[in-house]
Amino acid sequence: DGPAAPALAVSSRAGEPLPMVLTVRYAGCAPTRLRPVADAAGLVALPAPPAEEVHVYELTVQIEAAVQSADRWGATSSEGDAPPRPPPASLRLCGLVLPPRSVPLPPPTEALRLLAFGDSITEGVLCRTRSKSDEGGDLGCNSVSSAWAWLLAQSLGADATVVSFGRQGWTVAGNGGAPAFCESWRSLCAGAARFGGAAGGAAS
């Protein structure tokens, strides 16, 4: 036996909502916004796939919005060669749990790839609603899939990776603890290199 719908296996405290919203979509269906909360088994339940005669589904999960004030950068470890501690506001995936008798297939890939860096405009701040006084704050009014980088990738037929922190500039630190762009562009988070080699480093 197993779950009737897919689930994400994550590393987070059970019952504690992560400071973000995910968008879950099946190809050809409207997306669902989901606040990830792990259960006692470390699983975040996803919506069930649509009922169709052909049971081949393309599932996409992305971080749609995050709380701007939450720590999204983290800190390097103070214990010598110990690995860096991931940011508290991060989605740490450990696996994907599928319904019984499901068979995973290689995901489709596009010929083009887009890597976009930016600030709040790229992150989609206030793209969903125009006021943070609306219910949900950052999670209710922000939407990365409504911002220019994601829409550009869709129009080009490209796979997109969007890296953005509100307020961040070339020499200005961003929300969530992110250093200035010239110091952070090579890193996924504190102590973790994006492209291999050393993390951080000035842009030339």
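Which helix gives the most to the nonpolar patch? Keep that in mind while you set up the view. This is a predicted model, so local features need pLDDT of at least 70 and side-chain atom pairs count only at pLDDT 80 or more, while totals for chains, interfaces and linings use all residues. Residues are numbered from 1 along each chain as its sequence is written, and side-chain values use heavy atoms, with hydrogens and water left out.

**Whole chain.** Start with a cartoon. You should find four helices and 10 strands, in the order β-β-β-β-β-β-β-α-α-α-β-α-β-β from the N terminus. Helices (H or I, at least four residues) and strands (E, at least two) are DSSP runs, numbered from the N terminus. Switch on a surface: the accessible area is about 11,800 Å², and 56% of that belongs to carbon and sulfur atoms. Areas come from the Shrake-Rupley method with a 1.4 Å probe, and for residues only the protein chains shown count as cover. Of the 204 residues, 36% are buried; buried means under 20% relative accessible area, exposed over 50%, and partly exposed in between (1.4 Å probe, protein chains only).

**The patch.** Now select Leu-112, Ile-121, Trp-148, Leu-152 and Leu-156. Together they form a nonpolar surface patch with about 490 Å² of accessible area. Patch members have over 30% relative accessible area and no salt bridge; like charges are joined within 9 Å, nonpolar side chains (Val, Leu, Ile, Met, Phe, Trp, Tyr) within 5 Å. A salt bridge here is a side-chain nitrogen of Lys or Arg within 4 Å of a carboxyl oxygen of Asp or Glu. Back to the opening question: helix H3 (residues 148–156) gives the most, with three residues. Ile-121 sits in helix H1 (residues 120–123) and counts as exposed because its relative accessible area is 57%.

**The core.** Hide the surface and select Leu-8, Val-10, Leu-18, Met-20, Leu-22, Val-24, Leu-34, Ala-38, Val-44, Leu-46 and Ala-66: these 11 residues are the largest nonpolar core. Such a core is a set of buried Ala, Val, Leu, Ile, Met, Phe, Trp, Tyr and Cys residues joined through side-chain atoms within 4.5 Å. Strands S1 (7–10) and S2 (20–26) each give two or more residues to this core, and S2 gives the most, with three. Centre on Val-44: beyond its neighbours within four places in sequence, its contacts (heavy atoms within 4.5 Å) include Pro-6, Leu-8, Leu-34 and Pro-36. Apart from this core lies another, of five residues, among them Trp-73, Phe-165, Ala-178 and Ala-190.

**Aromatic pairs.** There are five in the structure. Rings of Phe, Tyr and Trp (its six-membered ring) pair if their centres lie within 6.5 Å; planes under 30 degrees apart count as stacked, over 60 as edge-to-face and the rest as tilted. Zoom in on Trp-73 and Phe-165: with centres 6.0 Å apart and planes at 75°, the pair is edge-to-face. Trp-73 is in the loop between S5 (59–66) and S6 (93–97), and Phe-165, 92 residues apart, in the loop between S8 (158–164) and H4 (181–184). Both residues are buried.

Next, pick Phe-117 and Phe-181, also edge-to-face, at 5.3 Å centre to centre and 70° between the planes. Phe-117 is in strand S7 (residues 112–118) and Phe-181 in helix H4. Phe-117 is partly exposed at 25% relative accessibility, whereas Phe-181 is buried at 18%. Add Trp-170 to the selection to see one aromatic cluster.
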